[in-house]
Structures are given as C-alpha cells and as structure tokens.
Amino acid sequence: MRVWRLIGLATLATAALLLASGCSLGDDDDDDGGEAAATTGATTTGGSDGGGGNLLSTVQSRGTLNCGVNEAVPGFGFVSQGGDFEGFDIDYCKVVAAAVLGDAEAVEYKPLTAEQRFTALQSGEIDVLIRNTTRTASRDGSEGATFLTTTFYDGQGMMVRADSDYQELEDMAGATICVLSGTTTELNLESQFQARGVEYTPLAFEDNDPLQQAFTAERCDGWTSDKSQLAGIRSNWPDAQGGPDGLRILDVTMSKEPLGPVVRDGDSNWASAVDWAIIATLQAEEFDISSENIDEALESDDPEVRRFLGQPVEGEAFDPGLGLEPDYAVEVIRSVGNYEEIYNRNVGPDSALGLERNLNALWTDGGLHYPPPYR
Amino acid sequence: MSATTAAATRRPPPWRDVRVLRVAFQALFLLVVVSLVLFLLDNMVFNLRRLGIETGFGFLDQPAGFAIPDSDFRSSQSVQDAILQGARTTLVVALTGIALATVLGIVVGVARLSPNWLVRRAAALYVESFRNVPVLLIIIFLYLAVFLRLPPIGRAIEWVDVFVLSNRGLVVPSLAATGSTGPFLAVVALALAAAAAAWIWRTRRFDATGQPHHRVLWALGVVAAIVAVGFLATGRPYGLSLPERGDLGVAHGFRLGPEYSALLFGLVLYTASHIAEIVRGSILAVSRGQAEAADALGLSPFQRLRLVVLPQAFRIMIPPLANQYLNLTKNSSLGIAISVYEVTKVTRVSIAQGSPAPQAIAILMLIYLVISLSIALVTNLVNRRLALP
Amino acid sequence: MSVLESAAQEPLPLPDPPRRRLGPRAWARENLFSGPVNTAVTIVFGLLLAWVLYRIGRFVLVDARWEIIQRNIENLLVFRYPRDELWRLWGALFVLAAGFGLAAGIGSRGAAHATALTALRRAAPMLVLVGVLLAFAGSLQATLLVAAIAATAVAARALGTRLPLRGRLAPAIGLASLLGAYLLVAHFGGVGWEDWGGFHLTIFLAVGGIVLSFPLGVLLALGRRSRLPAVRWVCIAYIELIRGVPLITILFMGAFMLGFFLPEGIETPSAVTRALVAITIFTSAYVAEIVRGGLQSVPRGQVEAAQALGLSTLKTTRLIVLPQALRAVIPATVGQFISLFKDTSLVFIVGLTELLGVAEAITKQPDFLAQGLLVETLLFAAFVYWAGSYWMSRESQRLERRLGVGER
C-alpha cells in the first residue's frame, strides 16, 4: 500500500510541476463566431545563420497580422471615440496587412508600453512593431530587432510652459524635466544635458498619465519627448490650462529620431516583405498615384508604373520574389493610400497636430524620403 | 537454523522493499525536477541566442545611460552600481517604513481599546478604511491627490530659512560634514560603547544589590557627557546647511521628495492598519487575569499597559508582525509606479535600455530574497529570545 | 409538598442578569468625559474628526465631478467587452446567483434562520456598492436586472435549505456554477479572456488565481511535510523562493520571460494568461503555508486512530487528515483571497487594464483630458475595492466564528 502512495504522489507531483512550469495555458478554442483570437506565431527558425524563417507564411495562413501599437499618442496611435484604432502608425499596420494578406482590416492591434515593446517582439507575441520606435545601433544589435524603412523623420524636443522664459537648453539649469521611462528620450536627455554641462533633475514615469499630472501641477519645468508627440499633446491641451497657447515647444532638436516599423531578427523574408510594403507608399507618392486615381493609373502606359502596380508589361507581371502578390501595391494604395495621404490624414498641416512635411517630404521636394527603384 | 530466523533475515525483493522504493522514488522525482528546469533553461538560452541577446552577466559592467535623481549616480557609471544604488534606496525605505509603521500601528492598536468611545471609533475607522484598499492605490492617490497638489515652487510655503514646502518636496536644514566630522564620529562611537558598558554595569549592580538601576538615565548621561566633550574638542564638526529657495528648486538642506514621501507614507499607513489589528488581537489574547491582577496591585492603566500587558503581548505578536515587515519590504517595489528609483524601477529601466531581461530579473529576485531572509532571520532571533522557556 | 418532591421539580428559571442601560448623558459621561484627560482628548479629537469628515464630505458631494464615472461606468466594469454581448455577463451573474445561493442554502441547512435585519446587515457593504454602481449607471433596466439577480439568489438559497442534498455537494455546486458562468462569457460566441478588462478582469484574476493555486498549494504543503528529503527540500525551496520576492517581480517574470522559456513552435500566451500564471505561482506558495498550518493542527491522535483502523497512508491523508485540515484553514484561505483581490491591482504595472488601469485610462479621453479627474476615478476604484474587501472580511470573520476556529 505504501507503494501505491508513492506512485500516486509521484504522478501528482509530476503533473503539478508541469502545470506550475506554465506549459501553454494558452487560449485555444476562442475562435467561435469569428472572434479574432489572440493567437501569436513564433518563427520556427532553422539553423543559426539567421537567414531562414517563415513568419510570412505563418501570417498568411493565420489570416491576421499582429501589430504592436500605441494607444495613447495623438496622431500616431490612439483609440477614437468609436473604439477604433487610428493614426499614422495604425495606417502602416494596415499597409502591411494589405500587402501581405490583401485585406487592410485583417489586423489585431496590440497596445504595448514602451518597456514591453521589444520583449513582445522578441517573444513572438507580435509580428511587427509599428509604434513610433527610434532606430538606434544598440536596438539593432542587442535587442534582437531589425529596423525597416523610416516612415517618419522626427527629432526630440522640449516643451515648456509659455510663461517661462526658456529659449535654449542651457537656460534650464537646475530644472526638473519629465520624461517617459524606457525610451531613447531618457538617454538623449541625459547625454544632451551632460554635453552642455547643465545640471538637471529627471523625473521618469512609466505612463503618460502621472507624467501629465506632474507637468500640469508644475512639478516639472519641462517635458521632453519626440516633437511629433509634443505637438499632439499641445494640440489637445485643455482650455482650462491655457489651451495650446499655454505651452511652447523650444526651437531645439535634441536628437535624430528616425521612426519606423520593426521586425524580429532572423527572418529576412518577412523583413523584406514588410519593408517593400512600406516603400510602396513612398513610391506611389513619387508616381503621383493616390487612392483617388488608382484606377486610372492601372491603365497607364508608363512601363515603370505598370511594373510597380504589378500589371503585365509585355505579357508578364513583374514578381520580385518577395512572397507577395505581384499587384500588392494596388491593394495598399486603394485601401490605405500613398504616403502623402497617410501623412495628411493623421499628422499633416490640416490635422490636429499641424506638422509640415519638412524632412518628411520626398527627395524631389527637398525631404529625406528616397524610395529605392522597384525593379 | 529454524524457518523463522531464515524468514526474519531474508530481505523482501527490491520491488517490495520500502527502503529501495523510497530511494528510487526520490531519484526519479529529482530527475523529473532537474530535467524540467534544464529544459526551461535550455529553451531560454536558445531563444536568447537566436535573437542575439547576450546570455551572460556582462551587461552589469556596461554604462547605465540613465541618471538616478536624488543621488550621486551618474549615467556613465555601470549598471551594477545603478542596481546597488536602487537596493540602497529599497533598504532605506523598508527600514524607515518598518520603524514608522510599528510605532503608528502600536499607537492605533492601543487606541482601538481606549476607554474613550470617540478615540476607539476613529481608530476603527482608520483601520477598516486602509486595510481594505490596495496599497498601490493608496500610494498613487497620495502622490497625485496630496503631494502634487502642494503649491508649486513659485508659491512655496517658506518659514524663515528653516523649511520650504512645495510640490517639489519638503526641505529642512541638514547637517553638512566638515573636516572634523570624522574624529567626531569616532568620539560618538566611543560614547555608545561607554553607554553600553554603563548599562551592563548598572544592571549587574541591580541584580546584586536590588537598588534601582536607572540604567536608561545613566546610559544617556554617559553618551551626553562624552559627546559634549568631543563636540567642544573637535571644534565645529557639523555645519548647518540651510535651504535656499530658487526658481526651480531648493538648494542645500535635506529634501524629502514628493514621490519618496508618497511611497513611504502610503506603505506606512497601509501596513500600520494591519499592525494595529495584530496589536489589538495580541493585547486581547493576554489573559484578563493579568490585567485584573495589575489593577489589584494598584497600577495605573498606563503602567498596567506598559509593565504587564504589552510585554506579554509582544511575545504573541512577533510572528505576524514579522510577516507584515516582509510585506512592507516587498511592497516597496511599488515605487515603480511613481518614479521612485528603488531596485525594481532601476531594473525595469535598465531592461528597457538594453539589459537582458532574464538575468536582470534573476538578480532582482535574488536581492529581494536576501533582504527578506535577513529580516526573517532577525525577527526569528527576537522571537526566540522572547519565547517562554 | 415534601422537600424531596419540591427539589425534584424544575428549578425556577433564573432572571436575566441586569443589563446596563445607560441614558445618553450617563453614557457620554462614562465614555467621553470620564476624566480631565479623557475630556480634553474627546474635544480635540472630536474637532479634528469633524473637520476631516466635513472636508471629505464636501469634496465627495459638492466639489467632485462625478460625470467621468457616470459616462464610463461600463468601461470601468467591463472595459472593451463588446456591448452587444453584455447579455452574457448578465446571464453569468444569474448563473452565479443561482449556484452560490443553492450552495449557501445546502451548507446552512439546520442553522438558525436569520432575521431579515441581520441578513441586511451582513449584506450591507455589498448593497452599498451595488447601489452606488446603479446610481452611476442611471439605467432602469440595470436596476431591474440587479433586483432579479438578488431575487434569484434568495430563492435559490431558500430552495437549497429544503432540498435533501448532502452538505458536501455545496462546494461542488459552487464550482460548477463558476464554470458555467465562465463558459457562457468566454465560449459559444463569447469573448475570450484576453480581451477582458475593468472590474470583470479583476474578479477573474482573483477567482482564477485562488482556484488554480489551491490544488498546487495543497500538493506543496503535503510535499513539504513528506519524509522523503528530496521532495521536502524541493518544496521548501519553491515555497521560500516565491514567498521571498514581491508579486511584481513574478509578474515581470511572466511578462518578460515566459515567452523565452517556451520552445519554439509553441505560441506565446496572451498577456492575461501570463499574468494568471504568475498569480497562480505566487498564490500557491502562500496557500501551501496556510494548508501546512492546517495539517499541523490536526491532532496526531487522528492519524494514529486511522493507522489502528488499518488505513493506508494515502487513505488517511485523503479521508481523515485533509478534510479536517482544509476545514481549519478556510478563514485563512479567505484572507488570502482578499489579499489576492487587492493585489490584482498590480497587473496594471505590466500593462493589463483592470479596474485601476481603466480608472487611469479614462482620464485620457478627449472630454476629460488634463483636468485632474484622476482623484475622482481613483476614489471610485478605491471604493469598489474597499467595499469588496470589507464585505469579504466580515463574512470571513463570521465564518470563523461559526466554524469555531480561533485564530490570533
């Protein structure tokens, strides 16, 4: 009888330990009624050469794209009153979905905090991270991330109250600066002030809510973040606090902030596919193709345009071997638009953020966007 | 040779021999556990390598890249130094919190049994309100609704260079070390040693002769005398650093920041409400006969509390009190929500700046384990000393 | 009547001891003004208390802008749950009311009937909470549904006291109703737990945590008392390790590292799953310690008697020791559940939007941005937590008294 006790305890103990080690208590049968389940795909990489990977086929067979986004940044990623995600980065999630899946709405948006975003990408919880993320060397190197084409050239700025008389960073000696924790902003703040030899006190919050409270209560004298984010916050500043005119963004650019989509290291097929989906929007603007005139553009005689749109040129449609449909650009432009449309809709001069193109114009207009040739 | 002796010395076959089975089962169990752990670790190392994230502890020597406010930590120092600075903050918060919470808890616990109805009710109100609300909520609320609502630095409340109160903190005068501080501290150490000697001497004298020992007075007197002599002899061992209010902050002085205060007071208020319940329960657990005997001897209520009831109650309350101390220490990790740079926040920031998450979190858990086990050890020692023989 | 006969009769009933009934003035003199010190304390305290209560009352009733709660009451309770599927949640509440009412009825068969007044006093914190929620919701339909749910619970309880079912079925019925409620909300076209939020998520994490961690905790407690050193030391290591670290570090471990521990090909679990795993691991260590205390409280005589009857060790544990031990630890387990209920607020730090998270998120809506309304929302969240905790701790004290288990 002791034998049975021991065997019984052994079975129970093993079962309990397996349970405790957390083996896949995941969600499996929630697909009824077409509800999109939050399943995620992990790349099954082959050897350690980092070249293989089939996330592209995984996403295509799954039918939805898991996109890591922001949910509280006006203009880039936020939840509208109707409960939908909108913004510049959200539109680029749709671009990738349109290119890879043929359906711009087949996206599962996963809001992430600044500190979770890279671990979510590394662990395979999301397929692509489009969350106003700055490209840096250490992120390329040690975060296991691959950065794709920059979609937004931004810079870090400093916002102060309009009634304070700061003009330069040197004026802010001894000030308390609010910053969001876990971002390059924090690092840049430190290096910029150190380079100028100016003392300051940082106040780093996990979340924008206490940060905004602290700034409103005059706990800190400056708020540093990407200029596009500051513009968005300023545009929404309530009238009780002075409205947008109660704040001023200093005319100082503290760093280069090239923002773009990010994918995981080790899957160059997926990276190329996403990359050229992004580039398609830039190329479309260069060719002056928008969602309004896409149908006429399909009839165009220009071989460059036809090749770009995947239309047959001398009998054959051009397939660059990205694993996408030859005419993926058509779906992208039709359902989301070209770069100009995406920009103007979300952050353009007539939107709430009111940002001019400047560096974000095409190379033909003096900006930095230079799409590689589609050939 | 009889059949019975043969049967007695013959061992059962291995599959029925309890000793063999026990060893075999334990070996199997350990095998399962170890292989499970190795499996998990193997997966982790493989996944980290696949992503190009380092698997060792070399990240500790990298420059941190972030500054820690209210300290001397610079961003060029290593991650290891940052974590140690955070651990130091955690320890200070924990020990200060434990001291304050104990005092407040005992006061409120005794107040719960006060003969005055109003005091009883007020204490009950405090305990029932704070015990049932999550401590994170208390901390965040204190920060956002109390400390941030203090006047901004431009309209700070000042009192003649003695203190400055604003939503950037409370600044009070502090002692600034001068050249002769070192020798002075040596004198203070000497004074404490002499006081301990005086204490032991007076106690021995009391045990031998029975005359009142007044050892507290003697110890204090010895300390005061030696410190006074040392103070005069070393000149001015401490300067006074008075707060000076500027536009952006207060220079000099000792600053108690709003974030730090919110964390500390939140922890103290929450833990004290639990300690008050424990104290009340322990006092009620002391047999009523003790209290009645004290009354019969003519002790005043305060003397009864101090000399008869509380000492016995202490013995009962040490284990649950130790539990509350551990809870307070672990709850100090909630400083992460309001930007207090204790060790959890530092670890979290360094992970976001590129340190590998598994190793960093492992170090974090190790630090908490060490602090927890130390506190448990100390309270166990106290418990054993106070236990009835 | 002879002396013997009169002595053999029933003794006269003793009168009740005189109850001290003090008039209000005498009461005040004794309790408030019994001496100079006492009087001074009463005056000072009285003024202080009156001022504090006045400030709080004025804020809550006059100054505060509760509009943000009114407009967001659904968000606070269920966050992003699709509004056209809310009937599932109402249905789940009905199922739970019926199941728990039935279980309570079966469990309290034979107990003295409580008067309506005592029942009301028992349920007071819950009634206040529900009342406040309904006041903010301002919807007649919701009020009627809540009344119907309450009626279901009362009727089920009455039914339970009459049904000839064994008392041991009560926990089974409770668990079955939990399962039924979960299936209704999450399956058959419902929304899985990854998309739950608000107070709904808080309850789910707390209940799920305690239900999942209990079996594990019992196993760990038994393992810790095992005579096999290998088993014992592994259990001790696990328990002491988990109890020595804060919940937030285990949540971080779940959020950041769980994905790394899984071999490739297995999908990374959702954020809610990871939090639930972390909470289960954390709570199981504490439950193990509680159950261990219960196991220690079973007298050795019970085990010896079982051995004398020839029961195997497994049978002894299953039939004699565990039932007594688990009965003894019910109050402590309820206490742990209350702690867990409050600790679910920590998942806010790893990005889940439960009640505290929603309270912060709704202040970001364009209508309420940057107006310092966090005070109102945090107060509301604190009130909800307080009402739930206070009610459960009172029930736990009552349970303790009924079970006759004294605890310091």
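1. Strand E9 (residues 176-180) of chain A pairs with strand E10 (residues 201-205) of chain A in the parallel sense, over five bridges. Strands here are DSSP runs of at least two residues, and helices (H or I) of at least four, numbered from the N terminus; two strands pair if DSSP finds at least two bridges between them. Within this pairing, A:Ile177 has A:Pro202 of E10(A) as its bridge partner.

2. This is a predicted model, in which local features need pLDDT of at least 70 and side-chain atom pairs count only at pLDDT 80 or more, while totals for chains, interfaces and linings use all residues. Residues are numbered from 1 along each chain as its sequence is written, chains are lettered from A in the order in which they are written, and side-chain values use heavy atoms, without hydrogens and water.

3. Five of the five residues of E9(A) are buried (under 20% relative accessible area, 1.4 Å probe, protein chains only), so the strand is largely enclosed by the rest of the structure. A:Thr176, A:Cys178 and A:Leu180 point one way, and A:Ile177 and A:Val179 the other. In a regular strand, side chains alternate between the two faces of the sheet.

4. The contact (heavy atoms within 4.5 Å) between chain B and chain C takes 55 residues from each of these chains. Together the two chains bury about 5000 Å², 75% of it on carbon and sulfur atoms; this is the accessible area (1.4 Å probe) lost on being put together, summed over both. In chain B, B:Asn132, B:Leu137 and B:Met365 lose the most area to chain C, together 12% of what that side buries.

How values were computed:
Buried < 20%, exposed > 50% of the residue type's maximum accessible area, 1.4 Å probe, protein only.
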